[in-house]
Amino acid sequence: MTTAPIATTIRRREFHSFTSAGKPFAYLVPSAAVFELDDASAAILALLENGPIAPAELIGQLTPRFSEIELHETVDELLRVQAIAAGLDAPPLPKLLPIGAQVGAEPGMPIPLTTMVLNVTNQCNLSCTYCYEYGEDKIVDTENGKKAKFMTEETARESVDFMLREAGPNRTAHLTFFGGETLMNLPVLKFAIPYARERAAALGKQVDFSLTTNATLLRPEVIAFLAENRVGVTISIDGPKDVQDQFRVFHNGMGSYEIAVPKIRELLTRHRSRPIGARVTLTSQNLDIRKIFRHLRDEIGFYEVGFAPVTTASNREYAIADAGFDYMLDQFRSLAAEFLEYALEDRHHGFSNVKDTLEEIHKGVSKAYPCGAGLGLMGVSTDGDVALCHRFAGSDSHKLGTVRDGIDRLVQIDFLNKHHIADKTDCSQCWARPLCSGGCYHEAHTRYGDTAHANLHYCEWIRGWTDTCLKIYAELAVKNPRYLQQFDEEEHEASQVN
Ligand code: SF4
Ligand code: SF4
């Protein structure tokens with residue numbers, strides 16, 4: 001058997017080690033791969049913990065525990081998966097912009113648009129205390145006066161044309177409707193959906209539709225329209241009545257649970273063409289995740305439930321502080337353990353935070369940017385301004401162009417240059433960065449006043465949660481690899497926007 005020659009000096013690269021199903025694993029940062037360690041690879045990595053070493057010395061120290069040929073082969077394998085590297089110095093992080101987006105490139109480089117979020121209104125019939133659209137943390141930097149309250153059909157038409165133009169070679173475009181309360185502008189949905197479908201068909205493309213709503217305006221004819229058009233629906237809801245009515249209230253202070261839940265039940269009964277998900281905002285006063293999950297999945301009947309901590313400045317009463325993040329992590333872990341039990345038996349569980357992370361791990365996602373904002377995902381304001389994402393729609397400081405004039409490529413490239421993970425020095429030593437990449441720009445803007453700032457207030461939570469999902473992934477890989485095959489087969493679904 002022949003093996004490649006071993007380099008003159010070898011050293012460890014970055015990884016996070018963990019144990020799952022009684023076996024040792026490493027999450028390899030350079031390749032974003034999960035790697036099961038056999039005895040020889042574990043011994044080599046342990047030896048390299050003390051620093052780089054010459055191969056001859058390594059072999060000398062590890063034989064006769066392992067044969068020379070086994071050590072050669074294991075070193076080759078560890079080099080291949082990027083667990084180790086040749087040479088003394090770590091190579092600088094490559095700053096790879098997306099295909100076509102080069103620093104200093106001529107304007108006009110195409111980054112295909114995958115998902116367009118259309119803010120069809122900035123009005124809402126609720127007045128949720130923590131809302132980033134209406135609450136204390138609203139972005140108020142619109143230099144050009146107030147934005148239109150409702151998108152017009154004309155702007156919706158221009159937005160669809162823009163989306164199909166910017167989709168480039170993509171065969172499917174994802175169009176998500178958002179607000180305010182999305183259903184307050186139902187006429188624009190009723191116009192935009194058939195228009196988008198017709199225009200896409202003429203171009204040999206198709207459009208996947210989805211929306212987010214608080215459910216209070218779901219009437220039977222609206223539900224019928226959503227079902228007929230296979231519109232994916234995400235309901236913003238925080239849990240049982242006592243939890244929901246704490247923050248999700250009408251303008252007169254009345255809680256929304258009693259209005260929303262019968263309508264949600266009707267939606268779940270009548271809209272069977274797509275699974276319906278719930279999206280929960282967690283606050284310092286609302287962290288009983290198991291109770292919320294039970295209510296939404298078992299008592300109401302949602303297919304899946306996803307949770308996200310509230311985005312807010314740290315001094316708000318409802319902001320989650322360190323102890324809250326610890327408690328939240330415990331709750332997430334407990335529900336994740338239940339998810340694992342289900343997955344081992346090929347049963348659907350519905351805790352979407354785990355599933356989403358497992359999919360990213362399985363696909364070896366290594367993010368140069370935390371999300372698609374400003375890349376494959378953009379938000380469009382009521383008057384047709386194009387922004388990083390829906391949360392920035394209408395903000396002049398985060399505008400990338402308009403649906404009429406297109407994207408200003410220099411602004412886009414400047415944004416991408418300033419937000420690349422290679423420039424987030426706070427993250428440069430963090431093993432979780434392939435999946436986190438510094439976190440949400442909107443969260444960073446709200447917390448630190450700077451979209452390029454790493455979200456350092458939740459690092460422990462992110463690393464703890466990533467570690468949990470890695471362990472679940474590894475256990476499934478060992479005990480039920482069939483479960484993970486769904487991630488090979490699944491088509492891209494529009495990200496759940498919130
Ligand atoms: S924000 Fe924190 S957890 Fe995320 S990559 Fe940076 S250092 Fe790691
Ligand atoms: S993660 Fe934040 S910046 Fe990215 S799309 Fe979502 S809200 Fe926008």
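These are legends for a set of close-up views of a predicted model.

**View 1. The whole protein, before zooming in.** We start with the overall picture of this predicted structure. The protein has 17 helices and 15 strands. Of its 498 residues, 55% count as buried. Look at the contacts between residues at least 6 apart in sequence, and 73% of them turn out to join residues at least 24 apart.

**View 2. An open sheet of three strands.** The strand order here is β2-β3-β4, and the pairing is antiparallel. At the edges sit β2 (15-20) and β4 (33-36), each of which pairs on one side only. From one strand to the next, the twist averages 25°. As a bit of background, strands of a sheet pair through backbone hydrogen bonds, in either a parallel or an antiparallel way.

**View 3. The β2-β3 hairpin.** Zooming in on one half of the sheet, we find β2 and β3 running antiparallel, joined by six bridges. One pair to pick out is Phe 18 with its bridge partner in β3, Phe 25. Two residues lie between the strands of this hairpin, and Ala 21 in the turn has a positive phi of about 50°.

**View 4. The β3-β4 hairpin.** Strand β3 (residues 23-28) is also joined to β4, this time by four bridges, and again the two run antiparallel. Here Tyr 27 has Val 34 of β4 as its bridge partner. The hairpin has four residues between its strands, and the turn includes Ala 32, with a positive phi of about 55°.

**View 5. Glu 68 in helix α3.** Glu 68 belongs to α3, the helix that covers residues 68-80. Its relative accessibility is 48%, so Glu 68 counts as partly exposed; the cut-off for exposed is over 50%. Leaving aside residues up to four places away in sequence, Glu 68 touches Ile 59 and Thr 63.

**View 6. Helix α4, end to end.** A quick sanity check on the geometry: at 1.5 Å a residue, the 14 residues of α4 (residues 153-166) should span 20 Å, and the end C-alpha atoms are 20 Å apart, so the two agree. The buried residues of α4 are Thr 155, Ala 156, Glu 158, Ser 159, Val 160, Phe 162, Met 163, Leu 164 and Glu 166. When reading a list like that, keep in mind that an α-helix has 3.6 residues a turn, so residues three or four places apart point the same way. After α4 comes Gly 168, with a positive phi near 55°.

**View 7. The shell around ligand 1.** Ten names to find in this one: Asp 426, Cys 427, Cys 430, Arg 433, Cys 436, Gly 438, Asn 455, Cys 459, Ile 462 and Arg 463 surround ligand 1. Helices α13 (433-436) and α15 (459-479) each supply at least two residues of this shell. The biggest share comes from α15, which gives three residues. Sorted by class, the shell has five nonpolar, two polar and three charged residues.

**View 8. The shell around ligand 2.** Around ligand 2 are Cys 371, Ala 373, Cys 389, Arg 391, Cys 440, Tyr 441 and His 442. By class, this shell holds five nonpolar residues, one polar and one charged.

Definitions and conventions
Residues are numbered from 1 along each chain as its sequence is written. Chains are lettered from A and ligands numbered from 1 in the order in which they are written. This is a predicted model: local features need pLDDT of at least 70, side-chain atom pairs count only at pLDDT 80 or more; totals for chains, interfaces and linings use all residues. Side-chain values use heavy atoms; hydrogens and water are left out. Two strands pair if DSSP finds at least two bridges between them. Axes are lines fitted to C-alpha atoms, for helices over the stretch in contact, and angles run from 0 to 180 degrees between N-to-C directions. The expected span of a helix is 1.5 Å times one less than its number of residues. Buried means under 20% relative accessible area, exposed over 50%, partly exposed in between (1.4 Å probe, protein chains only). A residue is near a molecule or strand if one of its heavy atoms lies within 4 Å of it. Ala, Val, Leu, Ile, Met, Phe, Trp, Tyr, Cys and Pro count as nonpolar, Asp, Glu, Lys and Arg as charged, and the others, Gly among them, as polar. Contact means heavy atoms within 4.5 Å.
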